[in-house]
Structures are given as structure tokens and as C-alpha cells.
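Biologist: I should like to learn how to read the features of a protein model. May we take them one at a time?

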Amino acid sequence: MKILLALVKKEIKQILRDPSSIIIAFILPLISILIYMYGINLDSVKVTIGIKNDDQSPEVATLVKSFGHSKYVNSIVFDNEKDIETALIRSKIKGAVIIPNDFSSKLSRRQTADLMIITDGSEVNTANYVQSYVASIANQWLATSKYNSTIVKPRINTEIRTWYNPDMDSHFFILPGSIAITMTLIGILLTSLVVAREWERGTMEALLSTNVKTIHIVLGKYIPYFILGMLSLAFNVFLCVCIFQIPFRGNYLILFIVSGLFLFTSLGIGLNISTMLKNQFLASMMSLGLGFLPALMLSGLMFPINSMPDIFQHFTRIIPPRYYVTFIESEFMAGTIPEIVAVNAIFLSVIGLLLFALMYHNTSTRLEASSKRVRLESVQ
């Protein structure tokens with residue numbers, strides 16, 4: 001224990017003397033959360049559409065005004081189709097609505113009236129927004145117009161209720177999910193440089209010349225950065241709950257326990273990278289490739305896993321951030337669900353222990369080889 005405590009103290013002093021560790025642990029999460037809060041928005045967007053009305057009836061004029069009253073639509077009225085086509089080609093508008101001259105007469109005769117919607121398909125999501133907005137505004141106008149009596153009332157009335165996020169604010173699940181991205185970066189990026197830095201500076205060889213054991217070195221690397229990572233987690237949770245007012249419906253103790261398991265896994269990935277490469281530049285590049293990109297693209301935070309190709313859906317099963325994103329979003333939005341907590345905690349525990357064992361094995365092998373080299377240099 002004395003040897004272990006001495007190594008832990010050494011690592012803590014190195015962390016305090018190295019401002020990059022503090023920046024990665026606290027400044028990086030702050031910048032990340034600010035970007036996810038103010039720079040990324042998955043909510044419904046406001047689009048600009050052009051309107052050409054060929055029907056001069058007063059009732060249809062109210063339909064044109066309805067587009068201007070929507071908070072999701074910025075409408076521009078055009079006089080001819082050539083101008084509206086030019087604006088669409090130059091991306092000044094994202095869609096166009098053409099109201100034919102027989103629109104009101106068909107509605108008066110209880111016939112189906114056509115409404116042309118032209119969208120810019122170069123942006124698929126925006127095109128879908130344009131279609132849904134125009135259809136919604138037209139249906140609302142029709143329900144309140146004089147043509148309402150011609151509508152056949154549906155026999156089934158659907159009532160939509162949104163659970164967990166009634167305001168449909170995407171930040172309520174983006175910010176908790178961003179903690180998984182941040183913890184992945186902290187756990188992998190911090191530790192991926194630790195052992196590599198020791199080898200580059202030559203301090204690892206000096207350490208191996210002492211009577212320390214493999215378990216001392218492994219735990220001496222895990223413990224200080226685990227403490228730093230948990231402090232960073234507390235800072236992230238504080239920002240989400242207290243500063244940005246993200247609702248939290250779960251249990252803080254369970255949150256920190258499962259988060260500790262995820263951090264334990266991330267530390268294992270970073271330390272294994274650092275042990276195998278022994279080069280800080282290569283280790284940092286590898287940590288970004290194995291940590292940040294899979295956590296962002298394949299964890300389910302930004303893109304639904306069910307919509308991915310089958311091979312990538314199976315690949316995500318071995319990515320720890322996938323399980324942590326599922327857990328932390330559930331913990332924030334829906335509360336503590338035992339089944340979700342148990343499944344994710346078991347997986348993170350298993351993969352974390354496997355990485356710890358791999359780190360122990362790699363460190364043990366390199367200790368023996370390095371000790372022989374140190375003894376040979378001493379003899380010479």
C-alpha cells in the first residue's frame with residue numbers, strides 16, 4: 001500500500017503540474033456542453049418558402065396569410081413562377097407552394113383540391129420539414145374555413161401525449177448524451193498519453209529499476225485519473241442540471257456508480273493504447289479515432305442505431321458509449337429503470353475488467369523486457 005500510495009501521489013502531482021490535464025478535464029467539457037447547447041439543435045427549424053397564389057378568392061387569401069403567422073415558416077409571396085423557380089434554384093427559399101386558380105371552386109363543389117408543394121431535395125431533412133409544415137398549415141386553415149362543412153369527420157379521434165419530454169426540446173437528451181462523449185474523451189485522451197509520456201521522458205525505465213510490481217503501476221495509473229474523471233463528471237452534471245436547467249428524474253447515486261463503470265472502461269481503452277504505442281502523438285490520434293468518432297457516430301446520440309446498416313448495428317454492441325448513452329438519457333429523462341441500469345452496468349463491468357486484465361498483461365510483459373534492458377545497461 002505504501003508503494004501504491006507513493007505512485008498515486010506521483011501521478012497526482014504530475015496532473016497538478018500539467019495544465020493540459022486540467023484543461024481536458026474541465027475546460028473541454030465546458031466548451032463541449034456550450035457547443036451542444038447553443039450550436040446543435042435538432043428541434044423543428046424555421047424554413048423560408050415561396051407562395052404563388054393563382055386563386056384570387058378572399059378565402060384563399062387567408063390561407064396565404066396563415067403561412068406568415070406560423071412560427072416555423074417565413075413566407076414570401078411571388079407574382080410569377082419564373083421568379084419562384086429562380087429563388088428555389090439559388091437556395092433563397094427551401095420550398096414553394098403553388099395554389100391553382102380552381103382551388104376554392106373545387107372545395108366549394110366538395111371535390112379534392114390540389115395544392116402543389118415543391119421542395120429542395122438537396123437537403124432531405126429540410127425538404128421533409130417543408131412538406132410537413134405546409135400540410136399542417138393547410139389542414140389547420142381548412143378546419144377553420146367556410147369549407148369545413150364539406151369535410152367528412154373522422155370516426156376515430158387520436159389524442160397525442162408526449163411522455164418524458166412534453167416540450168419536445170432536443171437539448172433535454174442532447175446535453176445528457178453529450179456527457180458520454182465528454183467522458184469518453186476525458187477517459188481515453190487523458191490516459192492515452194500517460195504511459196507514452198513516461199516512456200518518452202525516460203521516467204518509466206527509472207521506475208522499472210525499483211521494486212514496484214505490475215499491479216502497483218496499473219493501479220497507480222487508474223486511480224488518479226479515475227478521481228479526476230469523476231470530478232469532471234460532477235462538473236458536467238452540475239452544468240446540465242443547475243446552469244442549463246435540464247430535468248433530472250433519476251438517482252444521483254446510481255448515476256455516479258454506472259458513470260464510474262463507464263469511466264473505468266474508458267480509462268482501460270486509453271491506458272492500453274498508451275501502453276502499446278509508447279508515443280504521445282500516435283496515442284492521441286488513436287484515442288480520437290477509437291474514442292471520439294465511435295462515441296459520436298455510433299452511440300445512438302446523433303443517429304438512431306436502428307436506421308444504420310445491419311453490420312454497423314452489430315458493431316455498436318461492442319462500443320461502450322452506446323450503453324452509457326442509453327443509460328444516461330434514460331436516467332435524466334425517464335428516471336431510474338432497473339432493467340436499463342442492470343443491462344448497461346453488466347456490460348460496462350465486463351468490458352472494463354477485460355481491459356484491466358489486458359492492461360495488466362501488457363504492462364507485465366513490458367516490465368520483464370525493460371527490466372532486462374535496464375540490468376544490461378547497468379552491467380555495461
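Modeller: The discussion below takes up a pocket, a strand and some salt bridges in turn. Please note that this is a predicted model.

Biologist: Let us begin with empty space. How much space lies in the largest pocket?

Modeller: Rolling a probe the size of a water molecule over the atoms shows where empty space is left. In this structure, the largest pocket holds about 390 Å³. Its lining consists of 22 residues, and those closest to the centre are Ile 269, Leu 290, Ile 318, Ile 319 and Pro 320.

Biologist: Which elements give two or more residues to this lining?

Modeller: They are α7 (171–192), α11 (252–277), α12 (280–297), α14 (320–333) and α15 (338–379). The largest share comes from α11, with 8 residues.

Biologist: How do the lining residues divide into nonpolar, polar and charged?

Modeller: There are 17 nonpolar residues and 5 polar ones, while no charged residue takes part in the lining.

Biologist: Let us turn to strands. Why is strand β1 described as largely enclosed by the rest of the structure?

Modeller: A residue counts as buried when its relative accessible area is under 20%. Strand β1 covers residues 47–53, and 5 of these 7 residues are buried, so the strand is largely enclosed by the rest of the structure.

Biologist: Which strands are joined to β1 by bridges?

Modeller: Strand β2 (residues 73–77) runs parallel to β1 and is joined to it by 5 bridges. Strand β3 (residues 95–99) is also parallel to β1, again with 5 bridges. Ile 49 can serve as a landmark: it stands opposite Ser 75 in β2 and opposite Gly 95 in β3.

Biologist: What do β1, helix α3 and β2 make together?

Modeller: With helix α3 (residues 58–69), the strands β1 and β2 make a right-handed β-α-β unit.

Biologist: Finally, how many salt bridges does a search of the whole structure find?

Modeller: The search finds 5. In one of them, the side chains of Lys 221 and Glu 11 meet at 2.5 Å, N to O. This pair links distant parts of the chain, since Lys 221 belongs to helix α10 (residues 214–243) and Glu 11 to helix α1 (residues 2–17), 210 residues apart. Both residues are buried.

Biologist: What is the distance between the closest N and O atoms of Lys 10 and Glu 11?

Modeller: Those atoms are 3.2 Å apart, and the two residues form a salt bridge. Lys 10 is partly exposed, with a relative accessible area of 27%, whereas Glu 11 is buried, at 2%.

Conventions: Residues are numbered from 1 along each chain as its sequence is written. This is a predicted model: local features need pLDDT of at least 70, side-chain atom pairs count only at pLDDT 80 or more; totals for chains, interfaces and linings use all residues. Side-chain values use heavy atoms; hydrogens and water are left out. On a 1 Å grid over the protein atoms alone, a cavity is a set of points where a 1.4 Å probe fits but cannot get out, and a pocket is an open set with protein on both sides within 12 Å along at least five of seven lines; lining residues have an atom within 4 Å of a point. Grid points are joined across faces, edges and corners, and a volume is the space filled by probe spheres set on the points. Helices (H or I, at least four residues) and strands (E, at least two) are DSSP runs, numbered from the N terminus. Ala, Val, Leu, Ile, Met, Phe, Trp, Tyr, Cys and Pro count as nonpolar, Asp, Glu, Lys and Arg as charged, and the others, Gly among them, as polar. Buried means under 20% relative accessible area, exposed over 50%, partly exposed in between (1.4 Å probe, protein chains only). Two strands pair if DSSP finds at least two bridges between them. A crossover is right-handed if, with the strands pointing away from the viewer, the path from the first strand over the helix to the second runs clockwise. A salt bridge is a side-chain nitrogen of Lys or Arg within 4 Å of a carboxyl oxygen of Asp or Glu.
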